[in-house]
Amino acid sequence: MVIERPAHIPADEDFVLPPMPTTLNPPQEEVIWDRLATIKGKYAQAPTKILEMSSGGQLWLAGLPTAANKHRFPPATLQIACFTERPEERNGVVLPNALLRRFPVAVAAERAEAWKDLWPLILQSLYCGKVIVTHCIAGRHRAGGAAALIRAVMMGETLEDASDWIAQRRDTDVPGFCRDKEAAKWLQEAAKSTKRRDRWPRPSGYLATPRSALHLQGFKQVPLCMHHQKSDKAQRLTDPMFTEDGDEAVAWDRPWCRACLARAPASWMPRDAGSE
Ligand SMILES: [Zn+2]
């Protein structure tokens, strides 16, 4: 695999890349991208908006958020780190109020499973008008590939069209990332096979009975997990407890309904369960 050196990135003192901790032991497939992120200079790029929906949902592509630059980021509900560790382990930060998810797109053994879990969350978050930030270290290869994949599926574009569109607005190198042939093949297949489903209702509160799981309400007394897109056969819970207050819902001490969470935007995702 021959990889070109990254182009020059303009100096922006807020975006100085912190040194990688020497104790870090990333998977072999990530080492080359870590090295390329810093080989030509110590700067990442400021965040770039690469998708905006009529709902207000936005996707941004960025380098590593740090204590020094987090004020330069949009108010993200979902932060997608495109490597194996948590950002803090790489001297980065989780953005204020953001739900962190990791998407190690360079790691063959992990990316497919991670994407399967992540995609519904991305889709519902964009449909519900939320802001998503995807990043790696410099924001050129791994997060560039992930961002191109998301844009391709949302816009119905090919992966090439999406990556070209991004490259016209930001210094990215998705073709460089795609010199890893396995990664390129996976991205292509994911862009083709990932579907934009009909959207689920925006959650409007929490529902539970003394014996049920803790559900998210779609429409009145209908849990998201029981909502049907194309029929009115949705079941209602009988005499459920209802609240709009997440702390109160958690105090009911019912286990989370995983099926409801799989249909929810990041803003409704519990930070203490199904979170990292
Ligand atoms: Zn449910």
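Two strands pair if DSSP finds at least two bridges between them.

**View 1. Five strands form an open sheet in this predicted model.** The strand order is β1-β2-β5-β3-β4. Pairing in the sheet is mixed. Averaged over the sheet and ignoring direction, neighbouring strands are turned by 20 degrees against each other.

**View 2. β1 and β4 are the edge strands of the sheet.** Strand β1 covers residues 48-52. Strand β4 covers residues 99-102. Each of these two strands pairs on one side only.

**View 3. Strand β3 pairs with β4 in the parallel sense.** Look for β3 at residues 78-81. The pairing with β4 runs over 4 bridges. Which residue of β4 is the bridge partner of Leu78? Find Leu99.

**View 4. The chain is assigned two domains, domain 1 and domain 2.** Domain 1 spans 13-193. Domain 2 spans 206-268. Taken over C-alpha atoms, the centres of domain 1 and domain 2 are 31 Å apart.

**View 5. Domain 1 and domain 2 touch through residues from both sides.** Domain 1 brings 9 residues to the contact. Domain 2 brings 6 residues. Which helix gives the most to the side of domain 1 that touches domain 2? Helix α2, residues 108-127, does, with 4 residues. What kinds of residue make up this side of domain 1? The residues there divide into 5 nonpolar, 3 polar and 1 charged.

Notes. Residues are numbered from 1 along each chain as its sequence is written. This is a predicted model: local features need pLDDT of at least 70, side-chain atom pairs count only at pLDDT 80 or more; totals for chains, interfaces and linings use all residues. Domain bounds come from an automatic or database domain assignment. Two residues are in contact if their C-beta atoms, placed from the backbone, lie within 7 Å. Ala, Val, Leu, Ile, Met, Phe, Trp, Tyr, Cys and Pro count as nonpolar, Asp, Glu, Lys and Arg as charged, and the others, Gly among them, as polar. Axes are lines fitted to C-alpha atoms, for helices over the stretch in contact, and angles run from 0 to 180 degrees between N-to-C directions.
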